[in-house]
Amino acid sequence: MTLAVVTSTIGSGWLFAPFYAARFAGPAALGAWLLGGLLAFALALVFAELGALVTSSGALAQIPLLSHGRTAGFIGGWCAWVSYLALPSIEVMAVMQYLASSVPWLTADAGAGQVLSGAGLALASLLLAVLAWINLAGVGWLARWIDGLTSWKLVVPLVVSITLMLMSGHWGNLVPLAQPVGTTLEGMVRAISSGGILFSLLGFRTAMDLAGEARQPQRTVPIAMALGLGISLLIYLLLQLAFLVAVPPDQLSAGWAALRLSAHGGPLVALALGLGLGWVGRLLLLDAVVSPTATAMAYMGAASRVGWMMGRCGLLPNVLGRINRQAVPSVALVISLALGIGLLLLGPGWQSVVSLLTATLVIALAMGPVSLAALRLQLPSSPRPYRLPWARLWCPLAFVLATWAISWCGTTSLGGAVLIVLLPAIGFVLLTLRGRQHEEPHAPLNLRQGLWWFLYLGGLVAITAWPLELAAELILLGAWALLVFPLAVRSRLSAVSPWARIGSA
């Protein structure tokens with residue numbers, strides 16, 4: 001289980017996050033990784049119990065439906081689906097941007113960095129289509145081979161980090177900048193959200209399906225979560241340290257925020273080639289194809305499973321619940337592919353998508369503490385292979401941390417994520433009301449149990465729109481989360497929803 005957490009956490013983030021985190025926070029990026037790891041661990045333990053309770057494929061779509069009914073279930077499931085289908089696009093962007101060091105026409109210079117060119121977008125779309133075909137055709141041997149590259153994904157970042165530190169060693173880059181503490185903290189929170197730190201550390205989601213199968217889960221699940229995230233965090237910290245000391249000091253004359261590594265390819269390739277380390281550049285290019293492609297294929301299958309489960313539960317059109325002869329949710333997979341290609345067109349650069357995706361993903365994960373507290377009351381005697389200690393304190397704390405993380409993504413990304421969430425939710429409510437008059441008169445809406453979502457997200461947008469100091473904003477957001485949390489728990493269903501189809505594989 002520990003290796004499963006590590007494998008799902010080391011993706012394209014290691015190729016880009018050290019660069020963007022350094023631009024936002026400079027040497028304080030090391031502290032930002034520690035704060036991001038704490039936040040990820042707080043959410044991971046919540047989902048360890050939920051994963052042991054709901055072990056079906058696409059469980060992230062079932063959990064909010066189970067505790068709060070169809071409206072809340074649609075919002076939570078929709079967030080999870082959008083997040084999962086966006087991940088393959090981000091991983092493919094990483095592949096294209098790194099390959100551009102050898103094939104420059106794949107990217108174009110956008111000032112602060114490289115974005116995909118028209119040809120790069122076309123090739124990225126083709127790669128997504130190939131990955132969809134592999135999932136659709138059920139090419140099991142290839143999927144297992146790509147997914148089994150755990151050792152490779154661990155060794156390469158370590159080799160690159162140690163080599164960069166030994167061959168450069170500009171340790172003076174670690175001297176903190178002379179600036180107010182508040183400015184440093186703002187840079188750290190931006191590094192956590194927009195810099196890709198939290199995006200890189202949320203791979204624990206794939207481990208929630210394993211909690212119900214673990215031996216002695218009360219002991220092994222938290223240890224696996226802690227070790228898996230700890231090992232991943234140590235690798236990321238080493239990478240960040242290597243990046244900080246490998247940057248030539250003459251490129252920092254205007255500060256970390258002005259750092260540009262605009263040579264074709266990714267930032268680590270630019271550093272390696274600048275140091276004359278051609279073999280490191282080639283190793284990075286090889287890994288930039290292997291690791292993100294493996295992650296992209298895995299999450300494309302996961303996205304189709306979440307969409308399939310939403311179709312099975314009546315949250316999306318029933319056609320998404322169809323499977324082919326290989327037991328693959330074919331319709332959901334094709335739709336996920338189409339939406340993923342659309343995302344490539346909307347956001348041609350890795351970092352431009354990560355901030356919006358992180359906000360959407362953490363909104364989906366914020367439902368976890370609420371559902372766990374509700375299910376403790378709705379299913380008090382159900383067997384739980386793993387039971388979170390001190391859940392009454394841990395759940396509201398995790399909800400506060402998730403609220404902070406959502407706000408740290410910035411007003412633009414938060415506003416975009418809220419639109420992505422609430423506009424489809426309003427459409428779902430209207431279509432359900434219309435369907436109850438015609439096709440599905442017995443389909444419950446459970447609108448009252450889902451209204452807290454609208455209140456919560458509306459409050460987040462309103463608070464972050466004010467020009468507040470960081471400390472004041474954190475206090476206000478924490479108070480808002482603690483006000484909404486008990487309201488959300490009390491708005492649960494009196495009994496778990498039968499529409500959740502627990503036990504559907």
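## The core

Of the 177 residues in the largest nonpolar core, W14 and Y456 are the ones that touch the most other members. Helix α4 puts in the largest share of this core, with 25 residues. Keep in mind that this is a predicted model.

Take Y456 as a way into the packing. Leaving out residues up to four places away in sequence, Y456 touches A366, F399, T403, I406, W480 and V484. Two of these partners, W480 and V484, turn up again among the buried residues of helix α18.

## Helix α4, the bent one

Helix α4 runs over residues 59-99, and a straight helix of 41 residues would span 60 Å at 1.5 Å a residue. Between its end C-alpha atoms, though, α4 spans only 35 Å. Look at G69: α4 bends there by about 155°.

As for its surroundings, 40 of the 41 residues of α4 are buried, so this helix is largely enclosed by the rest of the structure. C79, which falls within residues 59-99, has 0% relative accessibility and therefore counts as buried.

## Helices α2 and α18

For α2 (residues 13-25), the length works out: 13 residues at 1.5 Å each should span 18 Å, and the end C-alpha atoms are 17 Å apart, which agrees. With 12 of its 13 residues buried, α2 is largely enclosed by the rest of the structure. The buried set includes W14, F16, F19 and Y20, along with R23. Just after the helix, G26 takes a positive phi of about 60°.

Helix α18 (residues 470-490) passes the same kind of check, since its 21 residues should span 30 Å and its end C-alpha atoms are 31 Å apart. Its buried residues include L470, L474, L477, G478 and A481, and E473 is on that list too.

## Cysteines

How many disulfides does a search of the whole structure find? The answer is zero. Such a bond would be a covalent link between the sulfur atoms of two cysteines. C409 has 4% relative accessibility, so this cysteine counts as buried, and C79 is buried as well, at 0%.

## A look at L286

L286 sits in helix α12 (residues 278-312). Is L286 buried or partly exposed? At 45% relative accessibility, L286 counts as partly exposed. Its C-alpha lies 9.9 Å from that of V156, and the two residues are 130 apart in sequence.

Note on methods
Residues numbered from 1 in each chain as written. Predicted model: local features only at pLDDT ≥ 70, side-chain atom pairs only at ≥ 80, totals over all residues. Heavy atoms only, no water. Helix = DSSP H or I, 4+ residues; strand = E, 2+ residues; numbered from the N terminus. Expected span 1.5 Å × (residues − 1). Buried < 20%, exposed > 50% of the residue type's maximum accessible area, 1.4 Å probe, protein only. Disulfide = S-S within 2.5 Å. Bend = angle between axes of the 7 residues up to and from the residue. Core = buried A, V, L, I, M, F, W, Y, C linked by side-chain atoms within 4.5 Å. Contact = heavy atoms within 4.5 Å.
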